[in-house]
Amino acid sequence: MAIELKVPQVGESITEVQIGAWLKQPGERAEKDEPIVEIESDKATVELPAPVSGVIAQILKKRGETAAVGETIGLLEEGAAVGGSNGATAPAPAPQKEAAIQKKTAAQTETAPPAAAPAPRETRPVANPPRPAPLAERPAPKTAPLTVAEKPPTAPAVKPTKPAPAPRPMLLSTAAGREEEIIPMTMIRRKIASRLVEAQQNAALLTTFNEVDMTAVIHLRKEQGNVFQEMYGVKLGFMSFFVKATIEALKMFPQINAEIRGDNIVYRNYYDIGIAVGGGKGLVVPVVRNAERMSFAEIEIAINDLAARARDNKLKIEELEGGTFTISNGGVYGSLLSTPIINPPQSGILGLHAIQDRPVARDGNVVIRSMMYLALTYDHRIVDGREAVTFLRRIKEIIENPLRMLLEV
């Protein structure tokens, strides 16, 4: 029996997806719940599992093509066994049934007129079928798929192949040796592009900068890092310090944690912090929910888990939705200074950058300190410059003296 593989619902507002890599090819067997194909939405990549055990019969939508939610993208023969060169064969019919089929087929052959067209054959496969007709002489397949038992004996065996990357369309220019590749944008990349343009067009973006001395945090991590990792099974990173410091600053300036909704300003009394990470398909911003209730260890565990699944395209749609404020750490890639763009409808984003040992003045002396530039991009429609500058300075004060987070001062 042929089972239709349909695009599942992957989000409330998502009506169209892009087909990713087919993990199983025609002729290959898939067990129930085994991933068959990757489906890319504008928020995440999900895997479509096999609804039942069977063999991939046909792929209707190739990699890179778009499909609507609910549309059939492939066919799966339920319960069929793999045929071809991989050593597995379709189940042979029982001896009694096989003898009856052969006897009936022989009788049909004897009674058929010599000059007439061959009589319709039994739909079940018989031993030693005649040589398949050339492809050009075969009738076009019908819309309704034939099951394995219904396929005529002249159907050629399908040899399973390993999943191969989709061909990359290439456009050759008129000049020899000058080639251009045309590759469709992924759904995630399209969404990133549209959201960034939306932010630039619909918000009054302004960026303010400051620098922070990371020496105290670095010393604390060296001093307590091993104990922290032994106790919680995760490294003590910089991000948990900045999440904690950001929440304290947001409490002082709630408009940076708010959003414009029509002619209203919506203030939130919770803090869902988005952490920008580079995923396998592009930049994604998974959200740490209610981060104000979490400890350092809980924040580090959550961020590590989200980042790992982002790289493997395993994030769930709901983990990318919402968020009241975003932190982006371009420093992991070596960025010294940048102007991050807010993630609408949020009103602010904090940009972290590379840590560098630089000479700075302390108590009239020049000393070497581990310094980092901070950048806050904010929506000037609801956040004034004074609040933005003070917000960034508050983060600086907390990071330079981490004990303030414990004392809440």
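Two strands pair if DSSP finds at least two bridges between them. The views below show a predicted model.

**Figure 1. Strand 17 pairs with strand 14 and with strand 18.** Strand 17 (residues 325-329) runs parallel to strand 14 (residues 273-278), and four bridges join the two. Within this pairing, Gly 274 has Thr 326 of strand 17 as its bridge partner. Four bridges also join strand 17 to strand 18 (residues 348-362), again in parallel. Here Ile 327 stands opposite Leu 350 of strand 18. Strands of a sheet pair through backbone hydrogen bonds, either parallel or antiparallel.

**Figure 2. An open sheet is formed by four strands in the order 1-8-6-3.** The pairing in this sheet is antiparallel. Strand 1 (2-6) and strand 3 (29-30) stand at the edges; each has a single partner strand, so one side of each is left without a neighbour in the sheet. Strand 3 is joined by two bridges to strand 6 (residues 54-59), and these strands run antiparallel. Ala 30 has Gly 54 in strand 6 as its bridge partner.

**Figure 3. Arg 29 and Glu 31 meet in a salt bridge.** The distance between the side chains, N to O, is 3.0 Å. Glu 31 is partly exposed, with a relative accessible area of 39%. Arg 29 likewise counts as partly exposed, at 28% relative accessibility. The count of salt bridges in the model comes to 20.

**Figure 4. Helix 2 carries a salt bridge between Arg 195 and Glu 198.** The closest N and O atoms of Glu 198 and Arg 195 are 3.9 Å apart. The two residues are separated by about one helical turn, because they lie three residues apart in helix 2 (residues 187-202). Glu 198 is partly exposed at 31% relative accessibility, and Arg 195 is partly exposed with a relative accessible area of 25%.

**Figure 5. Helix 6 carries a salt bridge between Lys 396 and Glu 400.** The closest N and O atoms of this pair are 2.8 Å apart. Lys 396 and Glu 400 are four residues apart in helix 6 (residues 385-400), which means that about one helical turn separates them. Lys 396 has 19% relative accessibility and therefore counts as buried, the cut-off for buried being under 20% relative accessible area. Glu 400, at 28% relative accessibility, counts as partly exposed. In addition, Asp 213, Arg 362 and Arg 369 are joined into one network by salt bridges that share partners.

**Figure 6. Val 227, Met 231, Tyr 232 and Ile 301 make a nonpolar surface patch.** The patch covers about 400 Å². Helix 3 (residues 215-232) gives the most to the patch, with three residues. Ile 301 is placed in helix 5 (residues 296-311) and is partly exposed, with a relative accessible area of 41%.

**Figure 7. Residues 106-130 and residues 132-167 have pLDDT under 50.** For residues 106-130, the model has 18 contacts beyond four places in sequence. For residues 132-167, the model has 48 such contacts. The mean pLDDT of the protein chain is 80, and 74% of its residues reach 70 or more. The protein chain contains seven helices and 19 strands, and 37% of its 409 residues are buried.

Conventions:
Residues numbered from 1 in each chain as written. Heavy atoms only, no water. Patch = residues over 30% accessible without salt bridge, like charges linked within 9 Å, V, L, I, M, F, W, Y side chains within 5 Å. Areas by Shrake-Rupley, 256 points an atom, 1.4 Å probe, with all protein chains shown as cover. Salt bridge = Lys/Arg side-chain N within 4 Å of Asp/Glu carboxyl O. Buried < 20%, exposed > 50% of the residue type's maximum accessible area, 1.4 Å probe, protein only. pLDDT = per-residue confidence, 0-100. Contact = heavy atoms within 4.5 Å.
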